[in-house]
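Let's take a walk through this model together, sheet by sheet. Have the sequence and the coordinates open as you read.

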Amino acid sequence: MSTTLTLSCLLWHLLFIAGLHHQNQAYAAGGGQWTLVQNSIGIAAMHMQLLNNDRVVIFDRTDFGLSNISLPSGKCRNDSNEMAVKIDCTAHSVEYDVLANSVRPLMVQTDVWCSSGAVAVDGHLIQTGGFNDGDHVIRTFYPCGNCDWNELALGLLARRCQTNDAGEENNLYPFVHLNVDGNLFIFANNRAILLDYTKNVVVRTYPSFPGGDPRNYPSTGSSVLLPLNLGQPSTEAEVLICGGAPRGSYGQAKGGKFVAALNSCGRIKINDKSPTWATEIMPLARVMGDMILLPNGHVLVINGAAAGTAGWEYGRDPVLSPVLYQPDNPIGSRFEIQNPSTVPRVYHSTAILLRDGRILVGGSNPHVYYNFTGVLYPTELRLETFSPTYLGLEFNNLRPKIVSPNSQFKVKYGQKVVVRFSVPGALSNKGIAVTMVAPSFTTHSFSMNQRLLVLGGGKSTLVGSTYQVEITMPNLGIISPPGYYLLFVVHQDIPSEGIWIQIQ
Ligand SMILES: *[C@@H]1O[C@H](CO)[C@@H](O)[C@H](O)[C@H]1NC(C)=O
Ligand SMILES: *[C@@H]1O[C@H](CO)[C@@H](O)[C@H](O)[C@H]1NC(C)=O
Ligand SMILES: *[C@@H]1O[C@H](CO)[C@@H](O)[C@H](O)[C@H]1NC(C)=O
């Protein structure tokens, strides 16, 4: 199967209701803390994937011109097909080591611009396609100390790339979610289907998104499959899509008029007999936002702009504040505005979840080259982390710590696993959950393969000085495709640091 298909505050935290009224709704204001972790990684973090060695593979494109980081050991690319610099001794991919907070340059031979990827069962990244000389190329990257990219001789049968300016209706980066029945939910523009990819048959067509505005590139919104709760008799699958740009915005942006982004989200139970979209209004309108599933099942909407569209030079008014969405709260009290960054993250920016619960945020380059001066939003080489409120010191007493199993634990489908953990303060049994999260391949405001499962389990019991809870692993690959996941114990919405598990 093609991998393109499998795609898919610390102390100042004050939980107060801000006097912010928008469309007759009051929104809670939250906290969260921003930290600049790298002043320059040398490239724009356009694509990011966390691997099971806590290192993040990052790349942009070979035809941006000279980057700000040299290739390792004096290497240069000599590519006669290259459109920007034919002999280029700079890197367009790096590996970010989260634990060491260090950056290592990597060498891609052909253009990886606007591509996709997925992590294989053994933990290596399979990256597919790109642009120009890279549009048929498959590349692999193994999570080992000093590994670099491999370009496979066997390529894709068709080009997998972002087309050149195809206008308003090119609907790139469709939102693809693996449903609990094994079919693929695919959303593009304002419509969705359920595809049985094994037979190439559309098994279901969904009502179109209310309002009719498009949600995919260049009207880029974002989407997540909400947490799948395996503790329930039948697992419901719900898709959430937020933001985007009104129909016609791309043409308007070309003419120099930057239309206000969409502030609506749509939520749909994709296995209902008669599914309908429930619309909700975000406190901040956003195009090119990223949506991240947090270990506690909340959703963070981050990055992006309040006007214009995706595409070269077409975004305006960066939205610096993330917004938290709590899916289980009653409608009207789900959104919470978080503390703002100072760094605009517009087109070609990314955000991913790390094992310690922080969100790594990088990129932004709305220009055809690396342009650091004389432009509205300079090419952004800085890496930041956003620490959601749950990482605040005031929650240290609630924070669980996983004692066993050890990280890199291997499990089988349906296996029962005892998870032992400690909590500094008093444990509230009601508030314990064990979750597992598939790290995503993120680019262009969509996190492919992102998936969070809430594992069923009994009550936690005190054994000696630690608590233990027995969980049951998902029993099917369609519920959790084989490979590496981050496992968290969550206590009253405060997650532990994750451990890596491999299911197969
Ligand atoms: C890029 O590198 C040059 C030379 O080392 C440096 O002067 C410049 O500040 C760097 N630009 C950015 C945006 O980091
Ligand atoms: C680059 O490759 C071409 C052949 O493809 C060769 O003629 C040229 O000498 C090479 N240049 C360098 C600097 O290696
Ligand atoms: C960006 O940089 C390129 C190459 O250095 C230059 O030709 C181009 O004019 C710059 N673009 C803008 C918008 O300044």
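Two strands count as paired here if DSSP finds at least two bridges between them. With that in mind, and remembering that this is a predicted model, look at S32 and strand S34 (residues 416-422): 3 bridges pair them in the antiparallel sense. One pair you can pick out is Ser-404, whose bridge partner in S34 is Arg-420.

These two strands belong to an open sheet of 4 strands, ordered S32-S34-S40-S39, with antiparallel pairing. Strand S32 (401-404) and strand S39 (461-463) each have a single partner strand and stand at the edges, so one side of each has no neighbour in the sheet. On average, neighbouring strands of this sheet are turned by 45° against each other, direction ignored.

Now move back along the chain to another open sheet. Here 4 strands follow the order S14-S15-S16-S17, and the pairing is antiparallel. The edges are taken by strand S14 (175-178) and strand S17 (201-205); because each has a single partner strand, one side of each is left without a neighbour in the sheet. Neighbouring strands of this sheet are turned by 30° against each other on average, direction ignored. Within the sheet, strand S16 (residues 191-196) runs antiparallel to S17 and is joined to it by 4 bridges. Follow Ile-193 across and you reach Thr-205, its bridge partner in S17.

Finally, a word on annotation. An unreviewed UniProt entry lists residues 46-161 and 162-390 for "domain: Glyoxal oxidase N-terminal". Over residues 46-161, the chain is 0% helix and 32% strand, and the end C-alpha atoms lie 14 Å apart.

Notes: Residues numbered from 1 in each chain as written. Chains lettered and ligands numbered in written order. Predicted model: local features only at pLDDT ≥ 70, side-chain atom pairs only at ≥ 80, totals over all residues. Heavy atoms only, no water. Axes fitted to C-alpha atoms, helices over the stretch in contact; angles between N-to-C directions. UniProt positions renumbered as here; feature names shortened; annotations may be inferred.
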